[in-house]
Amino acid sequence: MLNIDSENGFMLADKVKRIIYEAVVSCGFENTGIDRWQDVPLEIPRSKDHGDFATNLSLTLAKPLKRTPGEIAGKIVGGLAESAIIGKAEIAGPGFINLTVAPDTLRGIIEEVRDAGADYGKSDIGKGKKVQVEFVSANPTGPLSVGHGRIAAIGDTIARLLEACGYETVREYYVNDIGNQIKNLAISVDLRYKEALGQDVQLDQAGYQGEYIKTYALELKKEYGDSLLKKDDDERRKLMADYTIKRVLDEQDESLKKFGVAFDRWFGEHELYDADLVEDVLKTLKEKGALYEDEGALWFATSKYRYTQDRVLKKSGGASTYFLSDIAYHKNKFDRGFDIVIDIWGADHHGYIARMKSAMEALGIDPDKLEIAVVQLVRFKKSGDFVRMSKRAGNLVTLSDLVDEVGCDAARFFFLMRTKESHLDFDIELAKERSEKNPMFYLQYAHARICSLLQKAGEEGVEVATGADLALLETPRELALMSKLANFPWEVQTCCLAREPHRIITFLTELAGDFHAFYHGHRVVSDKDKALSSARLALCAAVQTVFANGLSLLGITAPESM
RNA sequence: GCGCCCAUAGCUCAGAUGGAUAGAGCAACGGACUUCUAAUCCGUAGGUCGCAGGUUCGAAUCCUGCUGGGCGCGCCA
């Protein structure tokens, strides 16, 4: 899954793999599972003592070759061709080969970053494949809650990563705009409408009691006066449902945009019925023998495909379940030509994975092309205590409230900073804090600091431009920083393929650490040694670009001053 | 009862494809501003990787069984 099958091999890591592969071939060690340069296992060592790259290939080859790892490593190191890229190759531990990249090659990264600019980190590994990312898809019955925030942030960032890696990406939001809950929604608005017109109403019959319902009812009153009362119930409620759904979706869209998320397509469930896609999919399933009737209902034989319970598609009363239209929707995604379909679901929906994958299988669609990423739920912490985000308790309820409270950057950062499998604790006060305790400021501060340096250099007339003598960059901190820059494209690809946005944050935090350490040990802007100053400024500019590109992938701003 | 997720330093968490003395931030302790942003840096201390087995030359990582926590198991939406 994480095998990055890059073809261009522009990345430094790819170049290193090729060099190692040549050595493997020259030793006659190929066709042992290492059959192409892409098969060479390469890792970025945790410790800088282990060089810029390391490979454990001699350990994995020990068995098929029936030789000791040390012996194999010795041969491979001996077989490494003279190259301008590898500066040093050492055998260490049980048989690792640690590789240190030649300083000149690392210095070349600075120019590479400068030339690529905002494109540095992007790649074409997606080869233009069409991917749909569907996420949030909350019911159109009220504002988005804080709980949707994590899913929105992760879904959007996965989409950003896919775009950066050359996938044609569509962000889609599915709207359950028909069914019982919409009827309840209309009834709720209707009651408030009648109330606003002075009628006596039984509000406990309303399914939705939120203030926003009252607002919409008043808007309807303003627009139509009491004229809607003359219409029959069905007609009036249809109008109210349409109006309310539109208003709710507009507000959801607005709060998402405020959160940095813009959907390409809002797909209404009614579209499926309008185009008879629900009946079509039912017919197809019937033909495939995936259905049966029992006690007047129509069942989907889920258990025929995956180990799970059978599910009802049509109730004995004849009404369709949501599961049925969900199947039609997912079939439609593939009919629209998407090569990969990614659903981002909250952990409370994990039980639906097996049935949806079964449905795809029954329809003859490869269930692996439907990726369902499950995001664990979030607990919100305030003053050291976990708080229930309920309106009654007077806490933040909507996503919009949260963004207003902590800001878009902090909200996204905190939602993205952990693996999606972790049960996230969102510390609201920490997110608001502008201090060293808040990890987001550590990142943004590094970027702002570079901006300040570059500005200072401009004021003092030190050349930032091209033509700096980069060979002057030779300290361990400078080299470490360049090595880190070289890893960025690899990191973006890994994060994209693994659908793990949090790793970008880990990477940027490490980059910030390397930069701050460099900054403290090295004078950057100086008129005593202008050549060195120029070289260091060129390095700083490259670091700045990587920060900007990385933060942009996360949808977080890169402030120029703080 | 069944299913999914989680359990790593005092706290919050990283540890891709099994591999080198298990890492970071915060908290604690000790240092560093006549110098480009100290929202920073340097150093010290801190862990039976929930428990017990198993596979492997090698397991925090894979398998099985437990324990503890979160979530889910309708002709609901």
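## RNA contacts through the backbone

In this predicted model, a backbone N or O atom of Met562 lies 3.4 Å from a base oxygen of RNA strand B. Two further residues reach bases in a similar way. A polar backbone atom of Tyr519 is 2.8 Å from a base nitrogen of RNA strand B. For Asp294, a backbone N or O atom lies 3.4 Å from a base nitrogen of the strand.

Several elements give two or more residues to the surface near RNA strand B. The helices are H2 (57-65), H6 (180-196), H16 (439-459), H17 (476-498) and H18 (502-521). The strands are E3 (96-101), E8 (297-300) and E9 (311-314). H16 gives the largest share, eight residues.

## The surface around the RNA

Which residues come nearest to RNA strand B? Of the 64 residues around the strand, they are His350, Tyr352, Tyr445, Arg449 and Arg523. The residues of this surface divide into 24 nonpolar, 21 polar and 19 charged.

Now take the RNA side. Of the RNA strand B atoms within 4 Å of the protein, 60% belong to sugar or phosphate. The rest belong to bases.

## Domains of chain A

Chain A is divided into four parts: domain 1 (12-101), domain 2 (107-125 + 436-554), domain 3 (132-174 + 262-375) and domain 4 (180-258). Domain 2 and domain 3 are each written as two segments. The C-alpha centres of domain 1 and domain 3 lie 44 Å apart.

## Helix H1

Helix H1 covers residues 12-26. How far apart are its end C-alpha atoms? They are 21 Å apart, and this agrees with the expected span, because 15 residues at 1.5 Å a residue should span 21 Å.

Many residues of H1 are named as buried: Leu12, Ala13, Asp14, Val16, Lys17, Ile19, Ile20, Tyr21, Ala23 and Val24. Asp14 and Lys17 are charged residues in that list. Just after H1 comes Gly28, with a positive phi of about 75 degrees.

## Glu134 and Leu197

Glu134 sits in strand E4 (residues 130-134). Is Glu134 buried or exposed? Its relative accessibility is 6%, so Glu134 counts as buried; the cut-off for buried is under 20%. Leaving aside neighbours within four places in sequence, Glu134 is in contact with Glu172, Tyr174, Tyr329, His330, Lys333, Ile342, Asp343 and Ile344.

Leu197 lies in the loop between H6 and helix H7 (211-224). At 27% relative accessibility, Leu197 counts as partly exposed. Leaving aside neighbours within four places in sequence, Leu197 is in contact with Lys221, Gly225, Asp226 and Leu229. Pro367 is 170 residues from Leu197 in sequence. In space, the two are 53 Å apart, C-alpha to C-alpha.

## Positive phi in loops

Two residues other than glycine also deserve a look. Lys127 has a positive phi, near 50 degrees. Lys127 lies in the loop between helix H4 (103-116) and E4.

Asp276 has a positive phi near 60 degrees. Where is Asp276 found? The loop between helix H9 (269-274) and helix H10 (277-287) holds Asp276. With a relative accessible area of 47%, Asp276 is partly exposed.

Definitions and conventions: Residues numbered from 1 in each chain as written. Chains lettered and ligands numbered in written order. Predicted model: local features only at pLDDT ≥ 70, side-chain atom pairs only at ≥ 80, totals over all residues. Heavy atoms only, no water. Helix = DSSP H or I, 4+ residues; strand = E, 2+ residues; numbered from the N terminus. Expected span 1.5 Å × (residues − 1). Buried < 20%, exposed > 50% of the residue type's maximum accessible area, 1.4 Å probe, protein only. Near = heavy atom within 4 Å. Polar contact = N/O pair within 3.5 Å; in protein donor to acceptor, adjacent residues only side chain to side chain. Domains from an automatic or database assignment. Contact = heavy atoms within 4.5 Å.
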